[in-house]
Amino acid sequence: MKSNLKYILKKELREVFRDKKSLMMMLIVPIMIPLVILGMSSLFNTQMNLDISTYNRVGFSYSFDLVEEEIARNLNIDYQFDSPENLQNQLENGSILLYVLKDGNHYTLKYNANNGNSSLALGLVKTFYEQYKRVLQEQQLDLLNVDKSVLDMVIVTEEQVLENTFASTYIVGYAFLFILMAITISATYPATDTTAGEKERGTLETLLTFPIRSRDIILGKLFSVTLSSIVTGIVSLILAIISFQFANCSFEIYESTPIVITLPQIFVSVLVIIIFSIFMSGLCIAIASQSKTFKEAQSALTPLTFVSFFPGMIAFMIEVENNFWYSMIPFLNFSMILNDLSVGIISISCLVTMVISSLLCISVVIWYIIFQYKTEKVLFSI
């Protein structure tokens with residue numbers, strides 16, 4: 001029994017590592033992860049160091065008084081005066097990013113919410129009017145001979161208790177999600193080739209005539225696909241860690257809050273990669289075994305890429321907090337564990353729940369595949 005499994009495993013590994021397309025899936029897909037990490041880091045860095053000249057073009061439908069002129073100059077607002085109609089046209093063609101209408105003491109700010117620079121201009125103009133309002137209030141109090149300290153009866157100050165780690169958390173979270181996607185892509189091709197591909201070539205029927213138990217055949221195929229997936233996941237993780245260190249040294253946004261990946265985080269990441277690789281490989285083999293041709297199996301497995309990626313992405317974007325129940329849901333549980341890792345959280349209870357629920361799912365999938373091969377329904381895709 002052991003020798004049969006060993007021979008099947010050797011055969012499958014030889015086909016996987018000899019096939020150029022399988023190697024491309026294993027090694028080329030992870031290259032996307034450094035590109036994502038460095039690209040998003042560059043974007044955040046650019047936004048942080050955005051020059052005011054990119055969002056200070058503002059139009060006004062009225063003329064400034066001396067106070068407004070001085071405040072606008074201090075805030076580096078590039079202002080111009082024109083009619084509301086002309087200002088609207090300039091806003092639409094991008095000449096200005098915001099314009100202001102005045103009706104008595106009521107000011108209306110018109111801007112394009114779909115333009116990021118226009119939203120930045122909104123914040124700048126709000127600051128302008130806050131300062132202008134303060135000056136007018138002080139002037140009025142002087143006329144009434146009232147102490148200006150009444151304006152400061154309530155003083156609010158901001159103090160950041162925890163460092164702002166948004167950029168580093170965001171980058172690490174998405175890097176982990178892309179590792180899951182890379183594993184999924186890496187598992188689909190060899191799983192398709194070792195099932196539907198063999199069926200289409202006619203070699204599967206020959207293999208089933210040998211005195212080899214179905215369990216050995218399935219485990220051999222599963223181990224080979226799993227190994228290729230694990231290689232992809234580990235390579236992706238290594239490239240991600242290297243990219244994190246490079247980003248720390250290359251972008252200003254990480255000077256105060258660098259990306260830090262600890263040994264416990266790496267250990268848990270490797271554990272998640274191994275469990276996810278087994279789970280995804282078994283699922284890919286189960287689905288591909290039901291297909292008659294290689295092309296049909298590829299079409300059937302395509303949705304898995306999105307299923308493995310999007311639940312975690314949505315949970316990450318809306319900041320869903322992991323718990324016992326989420327840790328039991330296939331696909332989501334892997335993403336939730338990695339989301340926790342991105343902020344430095346390691347929940348042992350959630351991790352154990354994820355491992356147990358995943359192993360149960362894997363056992364059911366393997367049992368189903370072995371049953372299909374025992375009845376030889378897999379040959380006819382019944």
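**How do we know? Helix caps, buried residues and cores**

Q: What makes Asn 115 a cap for the N-terminal end of helix 6?
A: In this predicted model, a side-chain oxygen of Asn 115 lies 2.9 Å from the backbone nitrogen of Asn 117. A polar contact asks for N or O atoms within 3.5 Å, so 2.9 Å fits.

Q: How do you know that the span of helix 6 agrees with its number of residues?
A: Helix 6 covers residues 116–143, which is 28 residues, and at 1.5 Å a residue they should span 40 Å. The end C-alpha atoms are 42 Å apart, so the two values agree.

Q: Which elements do the buried residues of helix 6 pack against?
A: They pack against strand 1 (57–60), helix 4 (66–74), strand 3 (98–103) and strand 4 (106–111). Among these buried residues are Leu 122, Phe 128 and Tyr 132.

Q: Why is Ser 228 called buried?
A: Buried means under 20% relative accessible area. Ser 228 has 0% relative accessibility, so it counts as buried. Ser 228 is found in helix 9, and a polar atom of its side chain lies 2.7 Å from the backbone oxygen of Val 225.

Q: What makes a set of residues a nonpolar core, and which residues have the most contacts inside the largest one?
A: The members must be buried residues of certain kinds, such as Phe, Tyr and Met, joined through side-chain atoms within 4.5 Å. The largest core has 66 residues, and those with the most contacts inside it are Phe 244, Tyr 254, Phe 334 and Met 354. Helix 7 gives the largest share, 17 residues.

Note on methods
Residues numbered from 1 in each chain as written. Predicted model: local features only at pLDDT ≥ 70, side-chain atom pairs only at ≥ 80, totals over all residues. Heavy atoms only, no water. Buried < 20%, exposed > 50% of the residue type's maximum accessible area, 1.4 Å probe, protein only. Helix = DSSP H or I, 4+ residues; strand = E, 2+ residues; numbered from the N terminus. Polar contact = N/O pair within 3.5 Å; in protein donor to acceptor, adjacent residues only side chain to side chain. Expected span 1.5 Å × (residues − 1). Contact = heavy atoms within 4.5 Å.
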